[in-house]
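Dear colleague,

I am passing on the structure we spoke of, placed just below so that you can have it open as you read. My notes on how its parts meet follow after it.

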2 protein chains.
Amino acid sequence: MTKITFVTGNKNKLKEVVAILSQGGPSEESKVGNFEIVSESIDLDEVQGTIEEVTLHKAKSAAKLLNRAVLVEDTALGFRAMNNLPGPYIKWFLKSLGLDGLNKMLYKFDDKTAYATCTFGLCLSPDSEPILFQGITEGEIVSARGPTNFGWDPIFQPKGFDTTYAEMDGKTKNTISHRYKALEKLREYLLQN
Amino acid sequence: MTKITFVTGNKNKLKEVVAILSQGGPSEESKVGNFEIVSESIDLDEVQGTIEEVTLHKAKSAAKLLNRAVLVEDTALGFRAMNNLPGPYIKWFLKSLGLDGLNKMLYKFDDKTAYATCTFGLCLSPDSEPILFQGITEGEIVSARGPTNFGWDPIFQPKGFDTTYAEMDGKTKNTISHRYKALEKLREYLLQN
């Protein structure tokens, strides 16, 4: 049984991640295949760069810092009209501009398409190269609708739906979300190794 | 005579920096007070965060990597309507959106005020805390005017002027620019120490 430390400052995220990963098993055990997922809250530097560069750097730093197998996660929201920016910087833009401001920023661009991207980075030892598991959900940026307690969910309407992430019930969202898609890939990997 | 290594990937920047710093002296000597400025081209990670955090991190990393006194620089362009974003991320936005795209992004916001900020970080040893020297020039974002060979200069019109940075002659720009203001503070420090 190999222990993997999920490094996150967000306590609820571990629950969510373990629940999806241990699908069908008793989630309180936090076990997936031959792996056990534990968590630790550490502030890690996030570099500027592509989504992949940000996650690779975070995974390597965490593995070196903790000297063991680690899992990290990064979420990005990119607008096609802006060549996939704000992307990994979305949290700063959401914090500074709010939901309305994000819409305003995109107002003059005709293309409102957006990509929600979740990237998990698994680094099995301080010396090994991290493996990335990425899930992407396409959608468009709309005026805020639905509960506003979860980031940019109220302004992201996935392709093929007439509801925003925020308006969806959890079950529906969890079958199409960028995070779910990334975790499915990670789960498959953990079960086969 | 203490050597300071200016870490930059941009060969022309050393010339510019040394020219301003050694004002009045023979610039080819690269000497300012008791300091001699040399340069080295190294790719340094840039973290996400405030302008100050980005520069502090870069200065510390460079000093640790080279194990000597270093000088680093970071330039930001922030829009007041966007709570000073893109700020340190401006290079990614310029690259992805171009000058026209940056104007488009700001279209729906009434306030077109912008702040050009240059921050130098001087770290005298791997164990010392970096000292920051910051210059800020206020202006507004306008449609591109003037030569387009220098970053976002064509869309930044400093307060009190009817020309953009790009339209100004070098001498005028160098008396009001964010970089000049930061270097004046650095120069003063170097001459007094």
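**The axis and the interface**

In this predicted model, the residue of chain A that comes closest to the rotation axis is V47(A), whose C-alpha lies at 1.9 Å from that axis. The same surface serves both copies, since 100% of the contact residues of chain A recur in chain B. As for the axis itself, a turn of 180° with a shift of 0.0 Å along the axis lays chain A on chain B with an RMSD of 0.0 Å, which is the relation of a two-fold axis.

Turning to the extent of the interface, 25 residues of chain A are in contact with 25 residues of chain B, and the area buried between the two chains is about 2,400 Å², with carbon and sulfur atoms giving 68% of it. The rule finds zero salt bridges across the interface of chain A and chain B, whereas it does find ten residue pairs in polar contact there, both residues of each pair being at pLDDT 80 or more.

On the side of chain A that touches chain B, at least two residues each are supplied by α2 (51–66), β5 (85–87) and α3 (90–106) of chain A, and α3(A) gives the most, with eight residues. Sorted by class, that side of chain A has 14 nonpolar, six polar and five charged residues. You may therefore like to set two results next to each other as you look: five charged residues on the side of chain A that touches chain B, and zero salt bridges found across the interface.

With best wishes

Conventions. Residues are numbered from 1 along each chain as its sequence is written. Chains are lettered from A and ligands numbered from 1 in the order in which they are written. This is a predicted model: local features need pLDDT of at least 70, side-chain atom pairs count only at pLDDT 80 or more; totals for chains, interfaces and linings use all residues. Side-chain values use heavy atoms; hydrogens and water are left out. Copies are superposed by least squares on the C-alpha atoms of residues with pLDDT of at least 70 in both. Contact means heavy atoms within 4.5 Å. Buried area is the accessible area (1.4 Å probe) that two parts lose on being put together, summed over both. A salt bridge is a side-chain nitrogen of Lys or Arg within 4 Å of a carboxyl oxygen of Asp or Glu. A polar contact is a pair of N or O atoms within 3.5 Å; within protein, one must be able to donate a hydrogen and the other to accept it, and residues adjacent in sequence count only if both atoms are side-chain atoms. Helices (H or I, at least four residues) and strands (E, at least two) are DSSP runs, numbered from the N terminus. Ala, Val, Leu, Ile, Met, Phe, Trp, Tyr, Cys and Pro count as nonpolar, Asp, Glu, Lys and Arg as charged, and the others, Gly among them, as polar.
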